[in-house]
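Hello,

I am passing a structure on to you, and I hope you enjoy looking through it. Please open it first, then read my notes underneath.

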Amino acid sequence: MEGLKESEANLVVYLHPSMANSVNDGILRELSSLLFTYSETFDGVVLAYDPNVRSNLAKILPGVHPYLGVRLKAKLLLFSPKPNMLLEGVVVKISRQSIHAVILGFSSAVIADEDIRYEFKYKVKHGKEVFVSRHHKKHKIKVGTIIRFLVKSFDEEILHISGSLVAVHTGCARWLDTNLEEWSQADSTPRKRKDRDEKEQKTVDYKMMANRDMPSLKKDDRIKKLKKKRKEHT
Amino acid sequence: MGLELAPKQSHVLPDMEELSFTDSELDYHVRNALKAAVQGDRDFYNQLVAVMHHKERLVPEEVALLVTCLKGLTGAVSCMHIVHHRSLLAAIFGMSLWNYGTDVMDALVELLISLAASSGDYVDLCLEMIVSNFIPPSSSSSYFIELLKQPRGLAMKGQVLDRLHSTLKDIANLVPLSPLRLEKIVRDRMPNIYMKEPFIVIYVENMLKLESGAMHELVGSTMLVAIMDRLIDLDVEIAWDDILQDDFCKGIFDMELEDLEKTDYHVQQDGDELARESFIQRFLGGNLIAEKLDSLMVLTFEHLTSCSESGRLIQVFETLLYSFQKTVLTAYKSKFTQFVMFYACSLDPENCGKIFASTLLEIFVSSIYPEWRMSAVAYLASYLARAKFVSVSFVGATLESIVNWCYDYCKDQDGDVNPRAHKVFYAGCQGIMYVLCFRMRSMLSIPRLKSQLLLMHIENIIGHPLNPLQVCLPSIVEEFLRLAKANHVFTVPQTFVDYGLLESECSRAFGGVQRLDMFFPFDPCLLRKSDRYIRPNFVYWSMVRSTYNEDDEEEGTSVEDIADASENGMNIVDDGSARSFGEGFLDLDEFDTSLNKMSITPRDSSSKFGGGIRGFMQMPSRIRPSTSPESL
């Protein structure tokens, strides 16, 4: 999964004087206030931190309240999804118009039906809603599936991702992994593998273009049918 | 549907008279309308907005139309734009579940869930709408206040609140960070103390539902802390002046109480009930703030009871204790809010009860703020004295800790009486004496505790040059000495004479501006509804005093005679265990006589010599009607 990175940051934490006898607690409290919020300085959402206070000395700021400036290095785990990154998340809700997923347990993602490629068809099976691939019956997306999708946009305030399942290498993560393995198991020579990879890439591209073409044709049909129906009624 | 909403427009618009929309067709039409509105063609869009605004007395067709439109919008949320569809969104968020039947409610909450999950822009707006739906719309507040008194109003309330809370849960499943924003919104939108009582009560009910609901780990503690803050806000609005006797028309006050005592004497069930009711009504009725506080406290008590039944009381108590230390302890002489802690402790004396006492002791011994320490020891002493569920051995152990602290303190002191400098010490001594006034008899009746009591350094403290007997509140000192003499426990320095003063300059000095020398936080609760929860676990002075009357040879006034008469034949062995005084008439008696007997404030000394009530002073048990204006 893309979008996660580890950074090392040089930080200065300013502590109120009342924390002078529990500096570690103060530092942890300050750092924890960064969690799950998007920070422009770090260009990402802080998910975890590991502070390492370098020295025992801290500078005292002049002013009404003599805050202590403690220097430290911290390792930070950052989440910064950018458009066209590939992310994975757990599906929590499926409806005809959208798929809702949760990434890493805290970020919500939605894939609207115009971003779900035509290959996936909405069905209700045994009372449960599911998206099934028209080409591969085993390729299903239902509540609890881990899906892989491309990022379209990221709302930094509420950490909400808008995603898309248009690309061919998106869909149910487990199915994609097992089926890609099948394709690549046949021949093990590096050159042939390279050729095959190139060929695969071409077919992928071709399929993407094809997919984009097909849905619009089908949609026109649907619209024509509806117009016909309306004409019948009036 | 039979409703023609608009004359035939261009061919793009579908007929609203179509009865046979399938779901996908409906989505398609609504989506088109929304997209068209962005382009500038707002006709159908405006019709949608108009439908959203229908709320008064909807006929079934209108209801069906509204539900259909809501369902259509639910499918089309991905086409909604926060700027271009401003008026539609405003109409949706302005709807109130209280105005509609369950069909519309269900469709509306589905739409809200869909909106919240579709884009980050709408999450806050959806949450705010749900929270503002916690209470009925203010535009028709009087209608709803009347409705909520009827069974069908309560049924409607149940329907609305259930849906709101399940919606919040569904949104939290889809947008995991929404509880964080929710708790902020709930706290910010909390009604102020001037809002009408039924609405504050419903809002707090919702907060408590959140506290015990699916999200309790995430938002529960914030809810509790906010509720305690609101209780304190209401509490401090009831001015002490409303309770204290500021006018010294004592004659009248005396007479009123004596009238009631005469009724008590006859020990008639009806008479007592009436007397008590009129007593409360005269003094407590009309104070709206007090009534709000009362209702909210009852709500909190009920919630604590259900927490206790589901085994969550300890975690809830942790939050309450934290809030107590932050706001109640530091508030200027909180009047009733502390009974929330009292009730919580009564539900679980072994854990919560002991934790509460040891926390207070810790604050007394090691906090750095003298006022907090004095306040803490006042709470602790009042709690140990008044809590029926606290075992005598625990009282003894805690008392010993206080005594040890006082002893260690005065061991190193040489100086003379100096109330201001040693105010924490004097507060501790007063606390010790107060507890012993209530518990001495029960402690002496158990040999192990009796020897423990005699081994404590109480005599050393009393006899020390710092002279707590002179500085502490005279009424307490007097009572303590009387008991000590009667039970032959401590030797009192001979120089100390029975003053007869009820108040001294010294006690005022150590009490400071806040008069912490006269602070007895767990004196009987004056809020009627709350008191019913507290009473079974409460030690009234009359219950204790009677045990001393056997030894008391001095003449009593009419009050004491009554007290004796009413306790004839009663076997009162107060060992402090949580045994309620089951006999009915005594309960009713206790309320009145206890109010008369137990004191908060000393009166002018002239009353004493006028042959008024001996022993503890009159309790100013009056809450005046509030004079603060009510909003709305």
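Below are some notes on the cavities and on one pair of helices.

This is a predicted model, in which local features need pLDDT of at least 70, side-chain atom pairs count only at pLDDT 80 or more, and totals for chains, interfaces and linings use all residues. Residues are numbered from 1 along each chain as its sequence is written, chains are lettered from A and ligands numbered from 1 in the order in which they are written, and side-chain values use heavy atoms, leaving out hydrogens and water.

Searching the whole structure turns up 9 cavities of 30 Å³ or more. A cavity here is a set of points, on a 1 Å grid over the protein atoms alone, where a 1.4 Å probe fits but cannot get out. The largest has a volume of about 130 Å³, a volume being the space filled by probe spheres set on the points. It is lined by 15 residues (an atom within 4 Å of a point), and the closest to its centre are Ala378(B), Ala427(B), Gln430(B), Leu516(B) and Phe519(B). Helix H19 (370-386) of chain B gives the most to this lining, with 5 residues; helices are DSSP runs (H or I) of at least four residues.

H21(B) meets H22(B) (residues 447-455): their axes, lines fitted to C-alpha atoms over the stretch in contact, come within 7 Å and cross at roughly 130°. The two helices are therefore oblique to each other, that is, neither under 35, over 145 nor 65 to 115 degrees. Contact (heavy atoms within 4.5 Å) involves Leu436(B), Met443(B) and Leu444(B) of H21(B) with Leu449(B), Lys450(B) and Leu453(B) of H22(B).

Best wishes

Notes:
1 Å grid on protein atoms, 1.4 Å probe; cavity = no way out; pocket = protein on both sides within 12 Å on 5 of 7 lines; lining within 4 Å. Axes fitted to C-alpha atoms, helices over the stretch in contact; angles between N-to-C directions.
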